[in-house]
Each structure stands twice: as structure tokens, then as C-alpha cells.
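Here's a quick walk through one protein model, meant to be read with the structure open beside you.

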Amino acid sequence: MKAEADPNVIVYFNGQYMPLKDANVSILTHALHYGTGVFEGIRANWDEESKELFVLRPLEHYQRWKLNCGILRIDVPRTAEELCAITQELIRRNDFHSNLYVRPLAYKCAERIGVATDDRDAFAIVAIPFGEYLHAEEGIHAGVSPWRRIDDNAIPARGKICGAYVNSALASDEARRCGFDEAILLNESGHVAEGATCNLFMVRKGKLITPAVTDNVLEGITRDSVMELARRELGLDIVERTIDRSELYICDELFLTGTAVGIAPVVRVDHRPVKDAALGPITRRLAHLYCEAARGRLPVYRRWLQPVYRTAAAAQSMAVEKSVA
Ligand SMILES: Cc1ncc(COP(=O)(O)O)c(C=O)c1O
């Protein structure tokens, strides 16, 4: 899905809340030319039952953002906790009551020609209504991309560095033109890295397997959530190891994870069925658990959520859960 924002939506820019139409940068901005920015993607999920909007793992997203900004020597002069509070206020000012995507962006803001960076940094946070990214309930068809995942020694894939997303855009565009729903990228050593905008998991012989964080992948927060759910709720063994391309063709289940995609089952890869081309049992259970946890329906995972409005219904259900626990 492509989310176009209303120009009157309130955004946080240069330390102030203002309409999107007034939050502009110069065409000479360093990051616009050289990709010297770092962004984040955070989901907020509306729960109709409790009439509450839950921001999903905002603290972990802001902690990751600040660390990855450090790779580019971009300073975000706010703590992760302050950034969570700014996000909550931003959503409240817009009075949003639907699923959202929150996009923080920090960047080199010097207005000049020349690739060398200096200490002029800026950041903005935008929140916009956002539905499904991939229509994935019945599973998607993924294709291994002819583009290779960028290497850590070129542009680190572990941070959401703006310029690195040329790699994702090339792979994504190519995949869609070839009729696939999503691209799977191999790294320079020829092993599976991840999707263009998501991490990858496969199930083989009852084990959940995903590439290690040293395989040129983004250190995904959904990846981390899925690993916790798999371990704690399903008692699965999780193995972080190199994955061969041909394992994609013989595995029992395959799925992608990310803030935008959630958990997207892959039922076909490179025109081959994954097992019998239907949703696998482990993927189905994990997708259900993740969806419940992200909407505040599993008490153990309430710690992942920041309620925006703290509605009476949400407070009441939390109190009941506390007394039960
Ligand atoms: C390249 C890439 N890999 C993985 C992910 C998943 O990361 P997360 O679960 O933190 O959203 C993303 C998310 O945007 C991504 O762009």
C-alpha cells in the first residue's frame, strides 16, 4: 500500500508541531542528494474493543534509531523516552483513531554541494493512517532478486539508512515487474539475507531458522518479537544461521516479518510452491499471536505497547489483567 498524507496532518518538525504543508526543506539539503539520513518505521494499531490506539514497541524503535543515527554521526538531541512522548502527543493532536504508520527521519541538513558531512542535523516525525502493506492473508509469491543486499562495508544494512534503500527500491521494483509480491535478496556471499523491506524466517524440521544479524540484514524489531513469541508461546527452537538459496525451495514454511508487512506467509518462491503452497501451521499461529499481542490482547506483551489515549476501557481491561495475573 502507498500511503499519501493529508497536507494538513500535523507533523513534528524542527522542534515544533505544524501542518505537513509547512514542513519543508531546501532542495540543497545534504540528505536529499547523498542519502545521509536514517529513518524508522513504527506501527500504531487501533483496537476497536478497547477504543485504544497502541503504539508498538516505540521505545525499541527509538533506541535503534538513535544507535543507527550514530553510524552516520547524526545527533538526535532527545532521549528515546522523550521521542515516545512526542509521538504520543503528535497522534493526539491529529486525533487519529485508526491504524497508523509513524515515520521518524533524522538527516544531515546542511544546504550546500559537497558530500563531506558536518554537524548540522535535523529530525522530523510524521504519523499517517496506514492499512495493509502487502495483502498477505493467503500468502504471497516471492522472487529471489538479481540485486544483491548491500554489504556492511559499503552501507550497513542493519540501520535504516536512507541511501541504502536504493537497494531495496531496485529489488522491489524489479520483483513487482516480474510478477512477484516481494523480493528476497541474497547477500554478497550468495546466501539469503532478507526481503526488500522485511526479515525472513523459514521452518525446517520443526525449527525456526533466520539469517544471523551479521548476514547483512536489518536488525528487525518484528524479527525480535516473532522470536520471543515462537520461543515463549510455541516452545520452538530458534536458529540464527546462514541460509542457502535452495533451502527456500525445500523448506516446510517461509514467512517475512516487518513493521509494515507484519507476518507475511510466503506460499510460492521463484515459481515453486513452499511445501503445498498453503499457510503453514507455525506461520498461522505466529501471525495470530503477533496480531493479538500488537492490539493489547495478550497481557504478557502489554509491555510492548504504548497506549495513546489511555481510554477508560483500555485502563479497565489492563486493571482486570493485573488482578488476574
Ligand atoms: C530492509 C528491511 N529489513 C527488515 C525490516 C523489518 O524491520 P522491523 O521489524 O524493525 O520493521 C525492514 C523494515 O522496515 C526493512 O526495511
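The notes below go from the domains to the core, then to two helices and a few backbone angles.

Keep in mind that this is a predicted model. The protein splits into domain 1 (10–129) and domain 2 (140–294), and the C-alpha centres of the two lie 25 Å apart. Where they meet, 22 residues of domain 1 are in contact with 11 residues of domain 2. On the domain 1 side, at least two residues each come from α1 (30–34), β3 (37–39), β4 (42–47), β5 (52–56) and α2 (58–71). Helix α2 gives the largest share of that side, with 5 residues. Sorted by class, the side of domain 1 that touches domain 2 holds 10 nonpolar, 7 polar and 5 charged residues.

Now for the core. As a rule, nonpolar side chains in soluble globular proteins tend to be buried together. Here the largest nonpolar core runs to 91 residues, and Val-38, Ala-44, Ala-264, Val-266, Leu-286 and Tyr-290 have the most contacts inside it. Helix α7 (residues 281–294) supplies the largest share of this core, 7 residues. Both domain 1 (10–129) and domain 2 (140–294) contribute residues to the core, so it lies between them. If you want one residue to click on, try Tyr-290: setting aside neighbours within four places in sequence, it is in contact with Ser-225, Val-226, Leu-229, Gly-262 and Ile-263.

Back to α2, the helix with the largest share of the domain 1 side. It has 14 residues and reaches 20 Å from first C-alpha to last, close to the 20 Å expected at 1.5 Å a residue. Its buried residues are a mixed bunch: Pro-58, His-61, Tyr-62, Arg-64, Trp-65, Lys-66, Asn-68 and Cys-69.

Over in domain 2 (140–294), how far apart are the end C-alpha atoms of helix α4 (residues 165–177)? They are 18 Å apart, which agrees with the 18 Å that its 13 residues should span at 1.5 Å a residue. The buried residues of α4 are Ser-168, Ala-171, Ser-172 and Ala-175. These cover an arc of only 100 degrees around the axis, which puts them on the same side of α4. And what do the buried residues of α4 pack against? Their partners are β8 (140–148) and β9 (182–186).

Last, some backbone angles. Most residues other than glycine have a negative phi, which makes a handful of positive values worth a look. The table lists them with their places.

| Residue | Phi | Place |
|---|---|---|
| Lys-51 | positive, near 50 degrees | loop between β4 and β5 |
| Arg-73 | positive, near 55 degrees | follows α2 |
| Gly-179 | positive, near 90 degrees | follows α4 |
| Ala-277 | positive, about 60 degrees | loop between β16 (272–273) and α7 |

Are the two loop residues buried, exposed or partly exposed? Lys-51 has 13 other C-beta atoms within 10 Å, so it is partly exposed. Ala-277 also counts as partly exposed, with 13 C-beta neighbours inside 10 Å. For both, the reasoning rests on the cut-offs: a residue is buried at 20 or more such neighbours and exposed at 12 or fewer, with partly exposed in between.

How values were computed. Residues are numbered from 1 along each chain as its sequence is written. This is a predicted model: local features need pLDDT of at least 70, side-chain atom pairs count only at pLDDT 80 or more; totals for chains, interfaces and linings use all residues. Helices (H or I, at least four residues) and strands (E, at least two) are DSSP runs, numbered from the N terminus. The expected span of a helix is 1.5 Å times one less than its number of residues. The arc is that of the directions from the helix axis to the C-beta atoms. Two residues are in contact if their C-beta atoms, placed from the backbone, lie within 7 Å. A nonpolar core is a set of buried Ala, Val, Leu, Ile, Met, Phe, Trp, Tyr and Cys residues joined through C-beta atoms within 7 Å. Domain bounds come from an automatic or database domain assignment. Ala, Val, Leu, Ile, Met, Phe, Trp, Tyr, Cys and Pro count as nonpolar, Asp, Glu, Lys and Arg as charged, and the others, Gly among them, as polar.
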